[in-house]
Amino acid sequence: MTPSNKVIVALDSKNLNKSIKLVRILKDYVYAFKVGYQFFFNFGLNGYNKIYSICPKIFLDLKLHDIPNTVNNGLEALIKIKPLFTTIHISGGDEMMKAAKIKNKITKILGVSILTSMDSKQTQKYYNQKNVSLLVKKFAKYAKKNNLDGIVCSPKEIKYIRKEVGEKFIIVTPGIRIDDKIKSDDQKRVETPKKAIELGANYLVIGRPITESKDPLKVLKAINKTLS
């Protein structure tokens, strides 16, 4: 058995039984599983609890973004189901980030910087900044200043963020693609697992390259091997 202390497998599926089967197969070889919108809105707490009963290490990625009081109340409810990580949008501002710091012993609050689906044209249009790396670095600075536990960012910005926030700040990285399959899809800023870790990521969120493969366990083991 070669468990991973780096890989978080994303459970993006409309099929609960398929997800449960996948968790049973992969649970001894992952750091955690990510539950996002598609899974949570389809299967709710019932589905979440079924996954939790098999593997309690869950990254509940709901990207909260609202007024401070609403985010605070939402997180007060959310921590009762004990995910390892959950997310809020850094762009919600200082007061929202401060309101997100709920005292608890399990759940870490991560700030979402710039979605990996956005490129320089989109950041110029919506944030008036063409340099994505500078923009993400600024977001990371404010996330740390407001005492979040870490940040979610693409692999392309890891090295800039690590220099800005230091070694203890958690960096979780989506946009991971296997070596010969790095291509332009709905995620624009991507990298290989090994390179992302070398750049300074703590954890890698990997979905389709594993879950849509013919042999998810084989692919996961191969990824783990490159990270050992």
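# Salt bridges, barrel strands and packing

Visitor: How far apart are the closest N and O atoms in the salt bridge that Lys63 forms with Asp61?

Guide: A salt bridge requires a side-chain nitrogen of Lys or Arg within 4 Å of a carboxyl oxygen of Asp or Glu. For Lys63 and Asp61, the closest N and O atoms lie apart by 2.7 Å.

Visitor: What kind of model is this, and from which number are its residues counted?

Guide: This is a predicted model, in which local features need pLDDT of at least 70 and side-chain atom pairs count only at pLDDT 80 or more, while totals for chains, interfaces and linings use all residues. Side-chain values use heavy atoms, with hydrogens and water left out, and residues are numbered along each chain as its sequence is written, starting from 1.

Visitor: Is Asp61 buried or exposed?

Guide: A residue is buried under 20% relative accessible area, exposed over 50%, and partly exposed in between (1.4 Å probe, protein chains only). Lys63, at 22%, is partly exposed. Asp61 has a relative accessibility of 7% and therefore counts as buried.

Visitor: How many residues apart in sequence are the parts that Asp61 and Lys34 tie together?

Guide: Strands (E, at least two residues) and helices (H or I, at least four) are DSSP runs, numbered from the N terminus. The side chains of Asp61 and Lys34 form a salt bridge of 3.4 Å, N to O, and both residues are buried. Because Asp61 belongs to strand E3 (residues 58–64) and Lys34 to strand E2 (residues 32–35), the parts tied together are apart in sequence by 27 residues.

Visitor: Which residues are linked with Lys34 in a network of salt bridges?

Guide: Side chains of opposite charge can pair when their charged atoms come close. Asp61 meets Lys34 in a salt bridge and also forms one with Lys63. The network thus links Lys34 with Asp61 and Lys63.

Visitor: By about how much of the helix are Lys98 and Glu95 separated?

Guide: Lys98 and Glu95 form a salt bridge with their closest N and O atoms 3.6 Å apart. Lys98 is partly exposed at 46% relative accessible area. Because these residues are three places apart in helix H4 (residues 94–99), their separation is about one helical turn.

Visitor: In what order do the strands of the closed barrel run?

Guide: Two strands pair if DSSP finds at least two bridges between them. In this structure eight strands form a closed barrel with parallel pairing, and the twist from one strand to the next averages 25°. The order is E1-E2-E3-E4-E5-E6-E7-E8.

Visitor: Which residue in E8 is the bridge partner of Ile8?

Guide: Strand E1 (residues 7–10) runs parallel to E8, joined by three bridges. Strand E8 (residues 203–206) is covered on both faces, with Tyr203 and Val205 buried on one side and Leu204 and Ile206 buried on the other. The partner of Ile8 is Val205.

Visitor: Which residue in E8 is the bridge partner of Val172?

Guide: Two bridges join E7 to E8, and these strands run parallel. E7 (residues 170–173) is also joined by three bridges to strand E6 (residues 150–152), again running parallel, with Val152 opposite Val172. In E8, Val172 has as its partner Tyr203.

Visitor: Is H5 parallel, perpendicular or oblique to H6?

Guide: Axes are lines fitted to C-alpha atoms, for helices over the stretch in contact, and angles between N-to-C directions run from 0 to 180 degrees. Helix H5 (residues 120–127) packs against helix H6 (residues 132–145) at about 55°, with the axes 10 Å apart. Angles under 35 degrees count as roughly parallel, over 145 as roughly antiparallel, 65 to 115 as roughly perpendicular and the rest as oblique. The angle therefore makes H5, relative to H6, oblique.

Visitor: How many residues in the contact of H5 with H6 are nonpolar?

Guide: Contact means heavy atoms within 4.5 Å, and here Ser120, Thr123 and Tyr127 in H5 meet Val132, Leu135 and Phe139 in H6. Ala, Val, Leu, Ile, Met, Phe, Trp, Tyr, Cys and Pro count as nonpolar, Asp, Glu, Lys and Arg as charged, and the others, Gly among them, as polar. Two of the contact residues are polar and none is charged, while the nonpolar residues number four.

Visitor: How far apart in space are Leu84 and Phe59, C-alpha to C-alpha?

Guide: Leu84 lies in the loop between helix H3 (68–78) and strand E4 (85–89), and its relative accessible area of 19% makes Leu84 buried. Leu84 and Phe59 are 25 residues apart in sequence, yet their C-alpha distance in space is 5.6 Å.
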